[in-house]
Amino acid sequence: MWLAHTRQPTNSPGNYPYWSHPFSSFNIAIVHNGDISSFGANREFLISRGMRSFVGTDSEVIAFLFRELLRDFDLITAVKIMSNNCDDPVIKYKYRGAVLDGPYTLIIGYDSGDDLYMICLTDKTKLRPVILGSDENNYYIASEENQIRNINKNATVWPMEPGSYFIASMKKGIISHGTRHKITDYVYSYNDADIDASSVKYNDLDSHIMALNKHDIIISNVLGHRYIGMKFPAGNKHIKLYGNPGNCLMNLNYNHDVDVYGNVADDCCDTMTGGTIRIHGNAGDVFGQAFQNGKIFVLGNVGNRSGLQMRAYMDYKPVMIINGGFADYLGEYMSGGIIISFANNNAYTGKYIGSGMIGGKIIIRKKLIKVCWTAAITRIRKKHAHGS
């Protein structure tokens, strides 16, 4: 097992080894992205357990919390307590100081003496990115899909749900997948393309596409390339991308027609004002943010906060159709347009649908567990105000 981190510590000077990431304490190692807002309460819990000396990083507090919980509980219960997934009200109250809060994604490496565990936790709103994967030899946890595909392009890759946990054991395999979706991976290839993106820098692909001056363009070996389509002028190109584009695909798109054969990363189709995007795979978090016009089709599932701030104005009428399911906060602050989820393949449908919604329509072909009724209540009040 290897843990690596490419960011500097943000809550400590970081110029000493014990302030660095990953943080290691005997048989526990921690690496995390984000901030632990519950740091003070977590530290007080550790003080109540007899600890007095700290170097001052939140990674250290996470490591010591995990160690203390393992003294009282089995591994899965310890993980549930830290990630606020414990259902026992007595345990939940007594160990409330051990619950993590704030925007974070963290990885725990743990050597129990007879087994090796790799664990991932993400906060309840998943404000930090994470993607999971596996193949015949390895388990993966990464910030972006291309980091996994660079090691094995045929690995099975899937997104993690908000507020969930992933546990993999050297001896037992995957104990918790970190998702309730049926895991369906999408891997495509193309041999005779106009552009082989494997030799193009991640932010230069737009320039290569525009230089071709063609209507129909096929691009192969896309892997983590960010900002595709950001520089395109208004037009009607038909572009086929084979692989896994990085963040910000076709943001600000105006009338271009794009097929993606593979999964797309976070923040796809942000502020799109026309055209059609067809994703023959899964889409990441914050998908279709401020989507204003055009059509988006997704063969698989979409991530957290999809359709955030979708809106319609006059002839601008956005439509998002999802064949699978979605994570939490679908259509958050939505004010126009249509979102349809068929929830095929027994797909999971998340919580807090239509949170803050004031307009538009969300249609879901599945029994829902928890829906935010802000929009429905607003409409009822308006009807009563007009005497209907």
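User: What makes up the lining of the largest pocket by class: how many nonpolar, polar and charged residues?

Analyst: In this predicted model, the lining of the largest pocket has 27 nonpolar, 14 polar and 7 charged residues. Tyr counts as nonpolar and Ser as polar, so among the residues nearest the centre, Tyr140 goes in the nonpolar group and Ser143 in the polar one.

User: How do you know which residues line the largest pocket, and how many are there?

Analyst: A lining residue has an atom within 4 Å of a pocket point. For the largest pocket that gives 48 residues, with Ile107, Tyr140, Ile141, Ala142 and Ser143 nearest its centre. Elements giving two or more residues include β3 (104–111), β6 (139–142) and α5 (145–149). β6 gives the most, with 4 residues.

User: And what volume does the largest pocket have?

Analyst: About 1300 Å³. The second largest pocket holds about 480 Å³.

User: Which residues lie nearest the centre of the second largest pocket, and what classes line it?

Analyst: Ser83, Asn84, Asn85, Lys124 and Gly163 lie nearest its centre, out of 25 lining residues. The split there is 7 nonpolar, 11 polar and 7 charged. Gly counts as polar and Lys as charged, so Gly163 falls in the polar group and Lys124 in the charged one.

User: How do you know where to be careful, and what is the pLDDT like?

Analyst: The chain averages a pLDDT of 89, and 91% of the residues score at least 70. Over residues 373–384, though, the pLDDT is below 50, and beyond near neighbours in sequence this stretch has 8 contacts in the model. Where pLDDT is low, the predicted coordinates shouldn't be read in detail.

Conventions: Residues are numbered from 1 along each chain as its sequence is written. This is a predicted model: local features need pLDDT of at least 70, side-chain atom pairs count only at pLDDT 80 or more; totals for chains, interfaces and linings use all residues. Side-chain values use heavy atoms; hydrogens and water are left out. pLDDT is the predictor's confidence in each residue, from 0 to 100. Contact means heavy atoms within 4.5 Å. On a 1 Å grid over the protein atoms alone, a cavity is a set of points where a 1.4 Å probe fits but cannot get out, and a pocket is an open set with protein on both sides within 12 Å along at least five of seven lines; lining residues have an atom within 4 Å of a point. Grid points are joined across faces, edges and corners, and a volume is the space filled by probe spheres set on the points.
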